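Me: Could you take a close look at one helix and the sheet it packs on? I would like a connected account of how that part is built.

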Amino acid sequence: MRTLILLVLLSLPQGAWAAPRAWSAEVMATRIDVQFAGGTGTEADAQAVFQIFRDVDAVASEWKDGSPLAALNARAGQPAEPVPAELFSLLQRSVELARITAGAFDPTWAALWGLWDFRAASPAPPSPEDRAARVARIDWTKLALDAGGKTAGIQEGVVVGLGGIAKGWALDRSVALLAARGVTDYVLSAGGQVYAVGQTAAGRPWNVGIRDPRGARWDDYFAIVSVSGASVSTSGDYERWFEHDGVRYHHILDPRTGLPGRLFRSVTVISPDATEADALSTALMLLPLEDGMRIAKEQEVDAVWVDAEGVVHRTPGLGSRYVERHPPAQGPSTD
C-alpha cells in the first residue's frame, strides 16, 4: 500500500508555489503541483501534465466504475481479454517490480481492501482468520499477461490495484512530455512524490526534504537530498495508524502477510524512474535492510531508511547529495 508523502522543496523561496509560473490541480485524489523555474514552461505545459494524470487515472483506477482496470477486476476468473496499451504497459511494470521485490510489491494486494479500518471510531486489527483468507488471494503470478495480443486476465478472487505505482507512472509520462516540449527546469509533485529536472532559478539542483517520521511537526525534515533528473519517493508509517493494546499499527501492509511492516519508520527512494521509485519506496519498507540494499544496488537507485529504532541507513551512492539536518526524533517504535 502506498502512503501519502510529505516533502518540502527547500530550494524554493517562501510563497514560490503561489508564483505566476506555478500551477496545481486535484487529480487521483491528491494535489498535483507544477513549478517552472527557468525561462521555459507555460500554463499550457502545466495543463498538459494535469491531463496526463487524468488519463492515467481514467485507465488505471481500480475505484472508477467503467475504467479498464475495474473491468479487468470484474472479469476475474474469465479468459484474458485485450486491454488498452497504456494499462497493459503499466501491468507489465507492476509484474516486473513484483518479481524484483519477491512480492513485497504486489499489484494484487487489493484483496486486502477493507480488511483494516484506520478511520473506525475504535480501530482494531482484523482476526488472523480474516487476514489469512485475504492473503490467500494475493499472488502476482495469478495476473496473466500476453504481450502479443496485449491481453490481461486474473484468476478468480484476485483483485488488482495499481495505486502503488500509478502516480509514479504519470510522473514519468509527464517528464517525457515536457522534454518533448523543450521544458528544462521544473519540479513536479504528486501527492508528495517529487520529480525534479534541471535546476532552480538560483542555478542550483533541487533540494528535497525527507520528513522526520517522529517529528513534532509535519514539516520537520531531518535530511535533505539534492536531486536533478530524478524522482524522490518516501513511504512512512506516520500517515495513517492507530494503537491497539499498546501496539502501533500503520497502513503500509505487507501483501505476503496482511500485516503492517515492522522493520522501518520510513524509506525514501531516489531514481530517474519515478514508477520504480514509487513502488520500491513501499516494498523496501517491508524487506530486511540487506535485501533492500541489494535491490537498490541491482536497480542502481539510492535509498534512505529510518529503521524501527530511528536509526538512519543509506546507500553509499548518495554521497554529498545527502545532508542530515538532525537525527530523527526518538519516539514510539514501530512495534
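Reply: Happy to; here is the setting, then the sheet, then the helix.

This is a predicted model, where local features need pLDDT of at least 70 and side-chain atom pairs count only at pLDDT 80 or more, while totals for chains, interfaces and linings use all residues. Residues are numbered from 1 along each chain as its sequence is written, and side-chain values use heavy atoms, with hydrogens and water left out.

First, the setting. The protein chain has 7 helices and 16 strands; helices (H or I, at least four residues) and strands (E, at least two) are DSSP runs, numbered from the N terminus. For 335 residues a compact globule would have a radius of gyration near 20 Å, and the protein chain agrees because its value is 20 Å (taken over C-alpha atoms; the rule is 2.2 Å times the number of residues to the power 0.38). Of these 335 residues, 54% are buried, meaning under 20% relative accessible area with a 1.4 Å probe, counting protein chains only.

Now the sheet. It is open and antiparallel, with 8 strands in the order β1-β2-β6-β7-β10-β13-β14-β15; two strands pair if DSSP finds at least two bridges between them. β1 (22–27) and β15 (312–314) stand at the edges with a single partner strand each, so one side of each has no neighbour in the sheet. On average, neighbouring strands of this sheet are turned by 10 degrees against each other, direction ignored. Within the sheet, β7 (residues 193–197) and β10 (residues 230–236) run antiparallel and are joined by 3 bridges. Y195 has S231 in β10 as its bridge partner.

Helix α6 (residues 274–283) packs on this sheet, where it touches β7, β10 and β13 (264–271), and its direction makes about 20 degrees with that of β10. Such axes are lines fitted to C-alpha atoms, for helices over the stretch in contact, and angles run from 0 to 180 degrees between N-to-C directions.

How covered is α6? In this helix, 10 of its 10 residues are buried, among them E276, D278 and L280. The buried residues of α6 pack against β7, β10 and β13, and also against the helices α3 (85–100), α5 (166–180) and α7 (289–299); contact here means heavy atoms within 4.5 Å.

At the start of α6, a side-chain oxygen of D273 comes to within 3.0 Å of the backbone nitrogen of T275. A polar contact is a pair of N or O atoms within 3.5 Å; within protein, one must be able to donate a hydrogen and the other to accept it, and residues adjacent in sequence count only if both atoms are side-chain atoms.

Notes
Buried < 20%, exposed > 50% of the residue type's maximum accessible area, 1.4 Å probe, protein only.
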